[in-house]
Amino acid sequence: MNLTGNLLLAGSEKRGANGEFAGVEAATGEPLDVLFGGATAEDVEHATKQAWEAFSEYRETDLSRRAAFLDAIADEIENIGDDLIVRAMAETGLPRGRLEGERTRTVGQLRLFAKEVRDGRFQELRFDSADPGRKPLPKPDLRLRNIALGPVAVFGASNFPLAFSVAGGDTASALAAGCPVVVKAHSAHPGTSELVGRAVQTAVARAGLHPGTFSLLFDAGFEVGQRLVADPRIRAVGFTGSRRGGTALIDIASRRKQPIPVYAEMSSINPVILFPAALKNRAADIASSFVASLALGAGQFCTNPGLLLALDGEGLDAFVSQAARLLPQIDAQAMLTPSIAKAYCDGVAKLTGHPEVRVIASGKPGSQFDGTAALFETSADAFLAHHELQDEVFGAAGLIVRCKDLEQLEQVLDVLEGQLTIALHIAEDDEPAARGLVPKLELLAGRLLVNGFGTGVEVSPAMVHGGPYPATADGRSTSVGTLAIYRFLRPVSYQDFSPALLPVALR
């Protein structure tokens, strides 16, 4: 499939006239072929106007037809074939196996939402019959359903070019809810975005839907994203990225005449708590699993285990020794973009030079575009005194905090910000202490897991990929799993409507 670098606007395509930029080969920093044209203010206006026109039709689309549309997107993505993987490998530096797995996840979650739409339970239909004879006042007939919010702006993520981008979880759940989508492609993988965007556009045409149901915009800067969030026809936002980027969009959305929800996933260091009996029994095994999780995908996962809490002692010493043996064997890996590589190296340098931090080990060195895994340690006293040690280093960097006792470990937990995940490594003898921590941990993270690591997020009806701020902007939501659809719905109650006036689902 040939790339054009054109915007995909409501069933048509157009050359963006607001500057040009090229995708970059992650491993070398060299520009790739094809220039992409940035969207103008008029292009944003056209996309949102068409999305609003599509909304009145699409939100009431027969559920079986809407589900078939989601299935068609999955089919069309698969039909791209190997061109998609090859382009994504070049733009992100991610290996073939990782990207093929991500493609499987992307089409799988589209089909999961198709199933959810066919089931129809997300509408939450409720019926409360009238009782004219009730005293002292008659009881009205009340019926309730969830309706779609309106057009949704989706921002592609740098670290998941498929599963959290053009046709990723935000787009799939918004379309499932009945919301047209305008995607702002991530400038780190524009070619990948165009390929997937064309697949969605083809599926819209196949389903006979209004062409404004989907548009794809390019921009190397921030202007297009800001205009999208400020546009009065956009009624919700899905974002995965930095805290700075997320909070900027939240600020724009809150200052609108009609503020809108911004579902932003932003920052998490995903604490891992290593309990004493678990370390006594299997410190080396836990360390081996930790190093593998830390280095997976150059550490560029929102659920990467960046902080480890443990009680000082022989068990922790054994864990550190095994990790120190393994880390030097880890190859440096290309990071998603040169700017992400630089930010990671700067973060590692700050930890290396911090007076209260000790370097345990690091992986093999690489080029300026690579990330080298690194592990550090500090004391709980130092961690509590230096707030900057909580800062996320996006990449394969981990910090161990040595605690004097369980009480001090709880003090460390008390100063942490909201998280996506918290992992507990326990043995049977640790269960009483772990049980006592669970109520505290529930208030701190969206997903708690035992004897594992947060990397690897199952797309499931029971999954929560979210958490208290700043892990996400709204800790009541998830961006993975079928519950994600509820971000883009709101309830409406219908009182004493005649059957002819009621929506079909409520008759």
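For sorting lining residues by class, Ala, Val, Leu, Ile, Met, Phe, Trp, Tyr, Cys and Pro count as nonpolar, Asp, Glu, Lys and Arg as charged, and the others, Gly among them, as polar. With that in hand, let's work through this predicted model.

**Exercise 1. Describe the overall build of the chain.**

Solution. Start with the secondary structure: the chain has 14 helices and 21 strands. Next, take the radius of gyration, which is 24 Å; the globule rule gives 23 Å for 507 residues, so the chain is as compact as a globular protein of that length. Finally, look at the extent of the C-alpha trace, which spans about 75 × 70 × 40 Å along its principal axes.

**Exercise 2. Find the largest cavity and characterise its lining.**

Solution. Rolling a probe the size of a water molecule over the atoms shows where empty space is left. Here, 3 cavities of 30 Å³ or more turn up, and the largest has a volume of about 150 Å³. Now go to the walls: 18 residues line this cavity, and those nearest its centre are Ile 269, Gly 306, Asp 391, Val 393 and Ala 397. Which strand gives the most to this lining? It is β18 (residues 397-403), with 3 residues. To finish, sort the lining by class: 9 residues are nonpolar, 7 are polar and 2 are charged.

**Exercise 3. Do the same for the second largest cavity.**

Solution. Begin with the volume, about 40 Å³. Then pick out the lining, which includes Asp 170, Phe 239, His 465 and Arg 487. Strand β11 (residues 262-265) supplies the largest share, 3 residues; Tyr 263, Ala 264 and Glu 265 are among the residues that line the cavity. The class count for this lining is 3 nonpolar, 5 polar and 3 charged.

**Exercise 4. Work out how helices α7 and α8 pack.**

Solution. Two packed helices are described by the angle between their axes and the distance between the axes. First, locate the pair: α7 covers residues 223-230 and α8 covers residues 243-254. Their angle is about 35°, and the axes lie 8 Å apart. Is the crossing left-handed or right-handed? For α7 and α8 it is right-handed. Next, list the residues in touch: α7 contributes Gly 225, Gln 226, Val 229 and Ala 230, while α8 contributes Leu 249, Ile 252 and Ala 253. As a last step, apply the residue classes once more: the contact has 5 nonpolar and 2 polar residues, with no charged ones.

Conventions. Residues numbered from 1 in each chain as written. Predicted model: local features only at pLDDT ≥ 70, side-chain atom pairs only at ≥ 80, totals over all residues. Heavy atoms only, no water. 1 Å grid on protein atoms, 1.4 Å probe; cavity = no way out; pocket = protein on both sides within 12 Å on 5 of 7 lines; lining within 4 Å. Points joined across faces, edges and corners; volume = space filled by probe spheres on them. Helix = DSSP H or I, 4+ residues; strand = E, 2+ residues; numbered from the N terminus. Axes fitted to C-alpha atoms, helices over the stretch in contact; angles between N-to-C directions. Left-handed = near helix turned anticlockwise from the far one by under 90°. Contact = heavy atoms within 4.5 Å. Rg over C-alpha atoms; globule rule 2.2 N^0.38 Å.
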